[in-house]
Amino acid sequence: MHNALMDKRAGEVGAQAEGLMIAVEQMVRFVRQSAVTGGLSTAASSAIGRLSREGPYRLSELARAEGVSQPNMTQLVTRLERAGLVRRVADHNDGRAVLVEATDSGLEVFRQRRAERAHALDLLIDELTEPERQAVRTALPALARAIQDRQARD
């Protein structure tokens, strides 16, 4: 009897987690698709975002941070460079190394895309009841904090 109850609870928790995951995926997809400035791919938008938030990266480190191969990142950076969104600069700490940094245009595209995503999220939140809005305002920062704590431990 005890094992059957535990299995039932585990199944309920699993179903809740799956439902939450589907909701998160739908929300992220909606918000991402709402950012159209610059006509960037998801990979390009992510790389520009990282460079905008965290500053210059070596190409190999940027590839690792973005979870792509170095050849793929090289191609992406070349395309972004041609578009005037990033530039390669000398690493002052290591004369042999090159850093990739966002240009002023790249930073502006990042800011505009972030504003578009924030507006899309606001539109979704506006469709909620006040208790639901409050729950989102509490839950999302709490999840972000949990992610940061986990990343700090790893």
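Here are three short exercises, with worked solutions, on a predicted model.

**Exercise 1: the sheet**

In what order do the 3 strands lie in the open sheet, and which strands stand at the edges?

Solution.
- Start with the order: the 3 strands are arranged 1-3-2, with antiparallel pairing.
- Next, look at the ends of that order. Strand 1 (57–58) and strand 2 (86–91) each have a single partner strand, so one side of each has no neighbour in the sheet.
- Now zoom in on one pairing: strand 1 and strand 3 (residues 94–102) run antiparallel and are joined by 2 bridges.
- Within this part of the sheet, Arg58 is placed opposite Leu99 of strand 3.
- Finally, add the helix. Helix 4 (residues 70–82) packs on the sheet and touches strand 2 and strand 3. Its direction and that of strand 2 make an angle of about 110 degrees.

**Exercise 2: a surface patch**

Find Leu20: is this residue buried or exposed?

Solution.
- Locate Leu20 in helix 1 (residues 2–34).
- Compare its relative accessible area, 53%, with the cut-off: exposed means over 50%, so Leu20 is exposed.
- Then look around it. Leu20 forms a nonpolar surface patch with Met21, Val24 and Val28, and together they have about 310 Å² of accessible area.

**Exercise 3: Asp122**

Is Asp122 exposed or only partly exposed, and how many Å separate its C-alpha atom from that of Arg145?

Solution.
- Find Asp122 in helix 5 (residues 104–126).
- Its relative accessibility is 43%, so Asp122 counts as partly exposed.
- Last, the distance: the C-alpha atoms of Asp122 and Arg145 are 20 Å apart, with the two residues 23 residues apart along the chain.

Notes: Residues are numbered from 1 along each chain as its sequence is written. This is a predicted model: local features need pLDDT of at least 70, side-chain atom pairs count only at pLDDT 80 or more; totals for chains, interfaces and linings use all residues. Side-chain values use heavy atoms; hydrogens and water are left out. Two strands pair if DSSP finds at least two bridges between them. Helices (H or I, at least four residues) and strands (E, at least two) are DSSP runs, numbered from the N terminus. Contact means heavy atoms within 4.5 Å. Axes are lines fitted to C-alpha atoms, for helices over the stretch in contact, and angles run from 0 to 180 degrees between N-to-C directions. Patches are made of residues with over 30% relative accessible area and no salt bridge: like charges are joined within 9 Å, nonpolar side chains (Val, Leu, Ile, Met, Phe, Trp, Tyr) within 5 Å. Accessible areas come from the Shrake-Rupley method with a 1.4 Å probe; for residues, only the protein chains shown count as cover. A salt bridge is a side-chain nitrogen of Lys or Arg within 4 Å of a carboxyl oxygen of Asp or Glu. Buried means under 20% relative accessible area, exposed over 50%, partly exposed in between (1.4 Å probe, protein chains only).
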